[in-house]
Amino acid sequence: MPGGREATEAGPWRLVHVMRRRLPGRRLRWLLLAVAATLVLAFVLVWTTPLFALKEVRVSGTGVLDPGEVAEAADEYLDRSILRADLEAIADEVASLPAVKSVRVARSWPRSVLIEVTERDPYLAVPSGDETFLMVDSEGVVFDRVGEISESIWKVELAEPGPDDLATLETLAVLQALPSGLADEVERVSTPSPAAVTLQLEGGRTLVWGDGSQNDKKARVADRLLASGYEHVDVSAPDAPTVS
């Protein structure tokens, strides 16, 4: 029957088409298996061979900190596979150092770890009573002690400087809001309490600022009163300032 012949002839052709479709798929699977095996072998080699053991920790960006102190954060990973180095743990340990504002840690193949540090910048210098100064950054963090300070750093008397100390925070708020002209006249600052930031100005003049609120209004009132020749001005309540 014609119908039977067509069925018989179609069978081999169908088999050929099926084989053609399957052959590329099989090749792809073998290729993927080969790639996976290569990756596993490479991982095992890097994990176990001494050729990829961590031998060097490179530190950059330090000025206040000793680079050796920073590098110690990765000491436990030395002579082990570079893959075993926990970069996050290293970064956390370095970040715990007071002088560190931020840190970046990365692998440098085949045998090094890089630690890039950004240190805190001094903003306040607080006399510590032994002819040294505590360095405090713009966030109120105490991170260093020095014997000499730059003229560009505010000299501030604070009882307990720190990021959780209200007197420190109010002082920072005031100083960061001062107009440049007035800021240039400040010789030193004392803050006996959070609401009593006091600026010692050139010529022996005194400006009691109070806390860090209403800074724009206080600046306008202080400028007018100081320009009038008053030597002692209190603008802690800017709507009712006092002078002498």
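**Notes on a buried glutamate, two sheets and some salt bridges**

1. Let me start with the residue that caught my eye: Glu-119 is buried, yet it has no salt bridge, and the nearest side chain of opposite charge, Arg-120, sits 9.9 Å away. Keep in mind throughout that this is a predicted model.

2. So what does the side chain of Glu-119 reach? One target is the backbone nitrogen of Gly-63, at 2.9 Å. Another is the backbone nitrogen of Val-64, at 2.8 Å. If you leave out the neighbours within four places in sequence, the contacts of Glu-119 are Gly-61, Thr-62, Gly-63, Val-64, Leu-65, Ala-99 and Lys-101. As for its own place in the fold, Glu-119 belongs to strand 3, which covers residues 112–119.

3. Strand 3 brings us to the sheet of three strands. This sheet is open, with the order 1-3-2 and mixed pairing. Strand 1 (56–60) and strand 2 (100–108) are the edge strands, each pairing on one side only. On average, neighbouring strands here are turned by 20° against each other, direction ignored. Helix 3 (residues 87–95) packs on this sheet, where it touches strand 2 and strand 3, and its direction makes about 155° with that of strand 2.

4. How many bridges join strand 2 to strand 3? There are eight, and the two strands run antiparallel. If you want a spot to check the register, look at Ala-106, which stands opposite Leu-114 in strand 3. The same two strands are also linked through side chains: Glu-116 and Arg-104 meet in a salt bridge at 3.3 Å, N to O. Since Glu-116 lies in strand 3 and Arg-104 in strand 2, the pair ties together parts that are 12 residues apart in sequence. Glu-116 counts as partly exposed at 34% relative accessibility, and Arg-104 is partly exposed too, with a relative accessible area of 47%.

5. Now the other sheet. Nine strands make up an open sheet in the order 6-5-4-7-8-9-10-11-12, again with mixed pairing. Its edges are strand 6 (142–146) and strand 12 (242–243), each of which pairs on one side only.

6. At the strand 12 edge, two bridges connect strand 11 (residues 232–234) with strand 12, and the pair runs antiparallel. One residue to look for is Asp-234, whose bridge partner in strand 12 is Thr-242.

7. At the strand 6 edge, four bridges join strand 5 (residues 133–136) to strand 6, also antiparallel. Here Met-135 stands opposite Asp-144 in strand 6. The hairpin these strands form has five residues between them, and in it Gly-140 takes a positive phi near 90°.

8. Which strands do the helices lie across? Helix 4 (residues 166–177) lies across strand 4 (124–127), strand 7 (154–157), strand 8 (186–190), strand 9 (197–201) and strand 10 (206–210), and it runs at about 45° to strand 9. Helix 6 (residues 215–227) lies across strand 9, strand 10, strand 11 and strand 12, with an angle of about 160° to strand 10.

9. On to charges in general. Side chains of opposite charge can pair when their charged atoms come close. The model has 10 salt bridges. One of them is between Lys-55 and Asp-79, with the closest N and O atoms 2.5 Å apart. This pair links distant parts of the chain, 24 residues apart: Lys-55 is in the loop between helix 1 (2–48) and strand 1, while Asp-79 is in the loop between helix 2 (67–71) and helix 3. Are the partners buried or exposed? Asp-79 counts as exposed, at 53% relative accessibility, whereas Lys-55 is partly exposed at 47%.

10. A further pair involves the edge strand 6: the side chains of Asp-130 and Arg-145 meet in a salt bridge at 3.9 Å, N to O. Distant parts of the chain are linked here as well, with Asp-130 in the loop between strand 4 and strand 5 and Arg-145 in strand 6, 15 residues apart. Both ends are partly exposed, Asp-130 at 44% relative accessibility and Arg-145 at 46%. Finally, Arg-120, Asp-137 and Glu-139 are joined into one network by salt bridges that share partners. That is the Arg-120 named in the opening point as the nearest side chain of opposite charge to Glu-119.

Terms used: Residues are numbered from 1 along each chain as its sequence is written. This is a predicted model: local features need pLDDT of at least 70, side-chain atom pairs count only at pLDDT 80 or more; totals for chains, interfaces and linings use all residues. Side-chain values use heavy atoms; hydrogens and water are left out. Buried means under 20% relative accessible area, exposed over 50%, partly exposed in between (1.4 Å probe, protein chains only). Lys and Arg count as positive and Asp and Glu as negative; His and the chain ends are not counted. A salt bridge is a side-chain nitrogen of Lys or Arg within 4 Å of a carboxyl oxygen of Asp or Glu. A polar contact is a pair of N or O atoms within 3.5 Å; within protein, one must be able to donate a hydrogen and the other to accept it, and residues adjacent in sequence count only if both atoms are side-chain atoms. Contact means heavy atoms within 4.5 Å. Two strands pair if DSSP finds at least two bridges between them. Axes are lines fitted to C-alpha atoms, for helices over the stretch in contact, and angles run from 0 to 180 degrees between N-to-C directions.
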